[in-house]
Amino acid sequence: MPVSEIRIRKPETVAAATSSPASTLPDGVSLSAAAQPISDIRKFLYARGSSSLADRGFSGLMMLCAASIFAIVALIAFELVLRSQLSWQKFGISFFYKFNVDPDTHLPTFWDPVSGTFYALPFLYGTLISSLVALVIAVPLAIGVAIFLTEMCPKFLRGPLAFLTELLAAIPSVVYGLWAVFILVPMLREDVNPIFIRIFNDPYIVKAFGWTGIVGEKGFFGGANYGLGMMAAGVILAIMILPIISSLTREVMNAVPHSQREAALALGATRWEMIRMGVLRNARIGIVGSIILGLGRALGETMAVAMVIGNRPEISKSLLSLGYSMASVIANEFSEASDNLYLSALIEIGLALFIVTIIVNALARVLVWAVTRGTPARVN
Amino acid sequence: MKASLRQSKTRSAMRAATDHVATGLAILATILVIAPLFAIFGYLVFKGASSLNLDFFLKIPKPVGEEGGGMANAIVGSAVLLGVASLLGIPVGIGGGIYLAEFGRGTRFANAIRFTADVLNGVPSIVMGIAIYSLIVVPQHHFSAFSGGVALGIMMIPTVTRTTEEMLLMVPNSVREAALGLGVPNWRSVLSITLKTASPGVITGCMLAFARVAGETAPLIFTALGNQFWSTSLREPIAALPLQIYVYAISPYEDQHRLAWAGALVLIALIVIAVSLVRYVASRGILKGAS
């Protein structure tokens, strides 16, 4: 008899429990959906703890620590917006594209603290061009390193080489700048730039490709060769963002399942074909993500760029010309900004940099995450 | 028949050649990437070591034009700044990591924080400097070591949070359940069981964040400002090693260039020693609590 009783009653209790779990359970044993990954045993044990007050206080404190990250981002945004009000009210959106024309020389004036002219176009241009030069140099190298380290390298070399490439990331920006000023810039001026200048100003090449505007005296390698300038900034940025791009590319390439490689090899592919079809094609979204992340780092890089870009607020097509970048103008002029409008204009440049890097980084994270999600966290 | 066979032979030869070319290019890329590393370290040792002497570690900078002098105040200043930064960044960062791994696992709030931490990691340090300038320096009306330390500390938080979370997630659930089963309150189990088990990884993460901010210059330019004299007060402008390297590197004096190289060598040596020491210790499991 008791057996049948149980049989009849069981479905009812289950139904009651699933329809309204909160009402049937005692306080503290809430089966919320949010706590899904925590097992039943642990929930039971939590509820039995005699120190629920301390536990609640502790978890609240930890939550406060985590929430501080939100608070930091919000505070930065708030302060930047607040302090750039003055410049925003004076110039509006034209801050980013307008310029004054000098009545005597007919040359554009973008940035002249003495006359109160503050237009940020040359800084946007300098940041963009130096970062693009960096990407053009760094991306093929970084992907090459990642391919070598994940697919081709003998096992005993893999660890040391990976460590060395990541050591590049540990070098401070200012040390890169120091090295660039005293070693890289003279090297570019004496050895590297003359080669480009000769190629780009070769009479035959100018005749053949003059219509494109990238060769000749007004092309990418025209004008005086200081050594300093966009080219130097691009090269040093490339060295600095290489480890970021290559380590993330390695991560997404490692996330490609081995079955993909084995399938390609089983069909008779050579190793390179296996890498191209099995690995790179599957990892391409993540690789794009890592490149964008490198771009984000290049956009915000300050000290090394400030030391080699030449610090002249002008726009010129030539990569040999002196330029200026958003981050380096802030670093150089912030502490000597005499009046409020000057300071406010610099902070507005900072705000623009903040917004751009947040967008770029968010985009990159989403792309990388799309590929590596589901694979376990890498530890090294 | 014969022609097609020959064709397929040349084709496979082509494919093999492409394979070799690709391998060669990958090796070349690796060499090109490693080369600057050796170039930088080589020049640091070559140029820096010759200017290093005892005075460098014991004396403060001499006025321009006088020979000698050192960076003792900058080394001590960096230590003060990093101390303040660690006091702020490490506890808050570890707390955030604990929340993400132990309490907020899978919730939307935790995912948003994780994402924000990653994005904050990419915010340029110069922007952080402006924010701290307008938050602390402007209300106080003077540059101070405290504001520089806070700027560096804030930059540590996202890195420490993310590595702590990753390390805690690797601790098996059975460890937590065993602690709770013995009647240990949850906060105690998190601090003395889970966190302790993960401590080698967490410490490595903290050291990496530390090494990263140790070389930061940009946020210090208008918070800590730099100082030519002895100062350890948190309310005064303070010298810092990276800041001093920057000032000397762009100065026109040969003597200061040599000091800049020496300073860079010391900075790099400190960072590399810190990182590799921690890696070695963590991998050996010598740290307490590593099982």
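In chain B, 74% of the contacts with a separation of 6 or more join residues that sit 24 or more positions apart. For chain A, the matching share is 76%. Keep in mind that you're looking at a predicted model. Below is a tour of the two chains, where they meet, and a few residues worth clicking on.

**Chain B as a whole**

- Chain B has 11 helices and 0 strands, so if you read along its sequence you get α-α-α-α-α-α-α-α-α-α-α.
- Buried residues make up 52% of the 291 residues here.
- What radius of gyration does chain B have, and what would a compact globule of 291 residues have? Chain B comes out at 25 Å, while the globule would be near 19 Å.
- Along the principal axes, the C-alpha atoms of chain B fill a box of roughly 85 × 65 × 40 Å.

**The two domains of chain B**

- Chain B splits into domain 1, covering 2–49, and domain 2, covering 58–284.
- The centres of these two domains, taken over C-alpha atoms, are 38 Å apart.
- Where they touch, domain 1 of chain B puts in 5 residues and domain 2 of chain B puts in 5 residues.
- On the domain 1 side of that contact, you'll find 3 nonpolar, 1 polar and 1 charged residues.

**A closer look inside chain B**

- Helix α10(B) is mostly covered, with 9 of its 9 residues buried.
- Those buried residues are L241(B), P242(B), L243(B), Q244(B), I245(B), Y246(B), V247(B), Y248(B) and A249(B).
- N227(B) sits in the loop that runs from α9 (199–214) to α10 (241–249) of chain B.
- Is N227(B) buried or exposed? It's buried, because it has 22 C-beta neighbours inside 10 Å and the cut-off for buried is 20 or more.
- Leaving out residues up to four places away in sequence, N227(B) touches N73(B), G77(B), P237(B), I238(B) and A239(B).
- N227(B) and A240(B) are 13 residues apart in sequence, and their C-alpha atoms are 8.1 Å apart in space.

**Chain A as a whole**

- Chain A has 15 helices and 4 strands.
- Of the 380 residues in chain A, 42% are buried.
- The mean pLDDT of chain A is 84, and 87% of its residues reach 70 or more.
- Across residues 1–36 of chain A, the pLDDT is below 50, and this stretch makes 12 contacts in the model beyond near neighbours in sequence.
- Residues 376–380 of chain A also have a pLDDT below 50, with 3 contacts in the model beyond near neighbours in sequence.

**The nonpolar core**

- As a bit of background, nonpolar side chains tend to be buried together in soluble globular proteins.
- The largest nonpolar core in this model has 198 residues.
- Which residues have the most contacts inside this core? They are A180(A), A232(A), I236(A) and V308(A).
- Helix α10 of chain A, residues 230–255, gives the most to this core, with 17 residues.
- Take V308(A) as an example: not counting residues up to four places away in sequence, it touches G177(A), A180(A), V181(A), V185(A), L228(A), A232(A), A233(A) and I236(A).

**Where the chains meet**

- The contact between the chains takes 79 residues from chain B and 79 residues from chain A.
- Helix α1 of chain B, residues 2–49, gives the most to chain B's side, with 18 residues.
- Sorted by class, chain B's side has 54 nonpolar, 18 polar and 7 charged residues.

**Two residues with positive phi**

- Most residues other than glycine have a negative phi.
- N311(A) goes the other way, with a positive phi near 55°.
- You'll find N311(A) in the loop between α13 (303–308) and α14 (326–333) of chain A.
- N311(A) counts as buried because 20 other C-beta atoms lie within 10 Å, and 20 or more is what it takes.
- H141(B) has a positive phi as well, near 65°.
- H141(B) lies in the loop between α5 (125–140) and α6 (145–169) of chain B.
- H141(B) counts as exposed because it has 6 C-beta neighbours inside 10 Å, and the limit for exposed is 12 or fewer.

Methods
Residues numbered from 1 in each chain as written. Chains lettered and ligands numbered in written order. Predicted model: local features only at pLDDT ≥ 70, side-chain atom pairs only at ≥ 80, totals over all residues. Core = buried A, V, L, I, M, F, W, Y, C linked by C-beta atoms within 7 Å. Helix = DSSP H or I, 4+ residues; strand = E, 2+ residues; numbered from the N terminus. Contact = placed C-beta atoms within 7 Å. Nonpolar A, V, L, I, M, F, W, Y, C, P; charged D, E, K, R; others polar. pLDDT = per-residue confidence, 0-100. Domains from an automatic or database assignment. Rg over C-alpha atoms; globule rule 2.2 N^0.38 Å.
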